[in-house]
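Subject: Structure handover

Hello,

Here is the structure you are taking over. Please open it before you read the notes underneath.

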Amino acid sequence: MVGTSVHHNLLLPQPQDHHHRTAIDFTSTEQECISLIKNCKNIQELKQSHCLILKLGLDYSSFCTGNLLSTCALSSWGSMDYACLIFQQIDGPDSFEFNTMIRGHIKDMNLDEAIMLYNKMLEVGIQPNNFTYPSILKGCAYLHRLKEGMQFHGHVIKYGFEDDVFVQNSLINMYGKCGKLTQSCSVFKKMDDFDKSLATWSAIIAAHASEQMWSECLSLFQELNSQSCWRAEESVLVSVLSSCTNLGALDLGRSIHAFLIRNLSGLNVIVETSLLDMYLKCGSLVKGLTIFDRMKVKNQWSYSVMISGLAFHGYGTEALRVFLEMLEKGFEPDEVVYVGVLTACSQTGMVEKGLDFFGKMTVDHKIKPTIQHYGCLVDLMGKAGKVKEAFDLIENMPMEANDALWYSLLDACRVHQDLELGEKVAEKLLNLNSQTPNPYVILSNMYAKARKWENVALTRREMGQNGLMKTPGFSLIQVKRKVYKFVSNDIKWAHCKGLSDMIYQMEWQLKFEGYSPDTSEVLLDVDEDEKRERLSRHSQKLAIAFGLINTSKGSSIRIVRNMRMCKDCHNYTKYISSIFERRIIVRDRNRFHHFEDGNCSCKDYW
């Protein structure tokens with residue numbers, strides 16, 4: 001074994017008979033052995049190196065065995081089984097060897113073995129150090145083992161490492177990954193500002209991102225940027241890009257992109273895909289397509305993001321073309337990709353194609369449908385007006401329907417005014433979860449549309465008796481890197497400089513273009529004048545007026561809504577895009593709408 005090609009160029013003294021052995025410079029020999037160990041490319045080469053160490057009598061050297069152990073335990077090609085054999089042969093292992101084995105078990109996601117080794121370490125009288133806890137807390141974070149993580153936090157305090165920056169960073173990360181943001185923030189706040197490293201900021205930003213606290217992520221990022229001694233790294237920027245994605249903060253996302261280009265020689269596929277996701281979800285479809293086309297390396301996630309993005313923008317045919325390209329490149333689709341494919345069919349009304357792809361998913365690719373796939377089918381049928389077929393599908397699913405499916409169907413019943421089925425679906429929802437106002441609100445709106453005002457009053461009264469309040473609709477718009485929130489009929493904007501004048505100007509010009517308010521969705525028993533007044537103060541219209549005032553002529557206006565767009569706002573925005581020669585991109589709860597020259601990308605199907 002020792003005479004293989006791996007060792008042909010190694011100039012080491014060969015062992016001699018004990019009685020004729022000359023003095024050997026073990027320091028030089030050890031160095032060459034370590035060099036050999038570090039050049040190993042697989043476990044077979046490592047075993048050969050181990051044999052040579054034994055033949056040379058260097059197994060007593062902690063210098064050699066330590067490097068051998070760490071290479072075996074921590075290399076991507078290593079073997080923990082073989083590392084355990086090496087560890088068992090070490091006479092009196094110290095903290096370095098114990099820490100190496102703990103790290104190796106954590107690398108293999110074997111927290112229980114790591115904990116057993118930690119306990120053995122304490123039993124033999126070796127005290128943990130600041131290299132022990134970051135590794136084991138990392139394992140608790142990856143596997144969401146909060147109980148064990150909190151116990152190790154106690155040991156951190158017991159052994160006096162609560163002020164060590166590496167341990168503190170690991171605690172912030174562990175609590176963040178386990179969903180305990182309060183504890184993460186507590187550790188972060190206790191740290192001295194001059195002790196906070198880039199890893200500290202990365203951990204606390206990631207903790208907020210995992211809880212979807214996107215605005216707080218951006219605030220922390222701005223605080224980090226204000227400290228000129230630090231420059232954000234890729235992991236931080238990926239979290240910030242996620243925040244931009246979810247807040248629709250395109251300008252900041254562009255700044256992050258520019259920073260990456262300036263400071264990195266090349267972007268890896270994870271960062272490029274995060275940028276792609278950000279541009280698509282912030283409404284910049286053209287930029288997203290440009291990034292996708294220029295990506296030298298694409299993986300399954302890249303294709304999945306592109307397919308879902310095109311579907312979300314209403315370009316179903318193009319999404320299916322990318323899906324076919326993905327198959328041609330040899331990527332096997334998974335359940336996430338098929339959610340995007342079925343969504344593409346749903347957003348563009350391709351009912352037969354959607355059902356066909358559902359069949360191919362189960363038969364050709366052997367993917368077991370999840371509740372998300374059934375949700376796509378329900379949405380597909382509901383949008384097309386096949387509400388009874390969608391109801392039958394839910395009733396015959398192999399799993400229990402969740403509230404998302406029933407909400408999708410209830411919304412379809414509202415759009416297509418199937419009050420009888422809507423009442424059944426609302427009852428199903430209330431039986432699932434009576435602590436949400438949404439079924440009451442939708443059912444009340446359906447009654448109002450049918451002018452059944454007594455039923456409206458009864459539904460609203462029942463909602464009030466249960467202590468439930470309707471979630472107000474709002475629209476977000478970013479101007480000069482600041483996000484502004486508008487709520488329908490919000491009086492706080494009544495005195496905003498120029499806003500009332502702009503709304504008046506918009507309405508005046510709309511009259512000449514033939515726009516007439518669609519009061520059918522003002523579901524209140526009031527006269528037509530009050531209905532028109534309420535329509536004029538919808539959050540989307542307020543946001544558009546604010547955008548027209550505060551952005552340059554000809555620039556795009558981007559708005560994010562928390563609810564589905566009403567028909568009047570949709571029609572209104574088409575007219576405004578033509579009158580003011582602006583491109584207006586609106587992201588509502590279901591999809592993107594691109595308004596330009598009096599038309600919308602959804603072709604009035606949403």
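A word on terms before the notes: two strands count as paired if DSSP finds at least two bridges between them. By that rule S3 and S4 are a pair, since 4 bridges join the two strands, which run parallel. Please keep in mind throughout that this is a predicted model.

The whole chain

The protein chain contains 30 helices and 6 strands. Its C-alpha trace spans about 115 × 55 × 50 Å along the principal axes. Of the 606 residues, 48% are buried. The accessible surface comes to about 30400 Å², and carbon and sulfur atoms account for 50% of that surface.

On charge, the chain carries 67 positive and 70 negative side chains, with the centres of the two sets 5 Å apart. As for contacts, take those between residues at least 6 apart in sequence: 63% of them join residues at least 24 apart.

The sheet

How are the strands ordered in the sheet? The sheet is open, has 6 strands and follows the order S2-S1-S3-S4-S5-S6, with mixed pairing. Strand S2 (482–487) and strand S6 (599–600) are the edge strands, each pairing on one side only. As general background, strands of a sheet pair through backbone hydrogen bonds, either parallel or antiparallel.

It is easiest to walk across the sheet from the S2 edge.

- S2 and S1: these strands are antiparallel and share 6 bridges. Val479 has Lys482 in S2 as its bridge partner. The two strands form a hairpin with 2 residues between them, and Lys480 takes a positive phi near 50 degrees there.
- S1 and S3: this pair is antiparallel, joined by 3 bridges. Ser475 is bridged to Arg561 in S3.
- S3 and S4: in this parallel pair, the bridge partner of Arg558 is Ile585 in S4.
- S5 and S6: strand S5 (residues 592–596) pairs with S6 in the antiparallel sense over 2 bridges. Glu596 has Asn599 in S6 as its bridge partner.

Which strands are enclosed, and why? In S1, 5 of the 6 residues are buried, so the strand is largely enclosed by the rest of the structure. In S3, 4 of the 5 residues are buried, so S3 is also largely enclosed by the rest of the structure.

One helix to look at here is H29 (residues 539–550). Helix H29 lies across strand S1 (474–479), S2, strand S3 (557–561) and strand S4 (584–587). The helix runs at about 10 degrees to S1.

A proline in a loop

Where is Pro517 placed? Pro517 sits in the loop between helix H27 (499–512) and helix H28 (528–536). Is Pro517 buried, exposed or partly exposed? Its relative accessible area is 28%. Buried would need a value under 20% and exposed a value over 50%, so a residue in between counts as partly exposed. Pro517 is therefore partly exposed.

What does Pro517 touch, leaving aside its neighbours within four places in sequence? Pro517 is in contact with Arg532, Leu535 and Asp568. Asp568 is 51 residues from Pro517 in sequence, yet the two C-alpha atoms are 6.3 Å apart in space.

Regards

Technical notes:
Residues numbered from 1 in each chain as written. Predicted model: local features only at pLDDT ≥ 70, side-chain atom pairs only at ≥ 80, totals over all residues. Heavy atoms only, no water. Buried < 20%, exposed > 50% of the residue type's maximum accessible area, 1.4 Å probe, protein only. Contact = heavy atoms within 4.5 Å. Areas by Shrake-Rupley, 256 points an atom, 1.4 Å probe, with all protein chains shown as cover. Lys, Arg positive; Asp, Glu negative; His and termini not counted. Charge placed at Lys NZ, Arg CZ, Asp CG, Glu CD. Axes fitted to C-alpha atoms, helices over the stretch in contact; angles between N-to-C directions.
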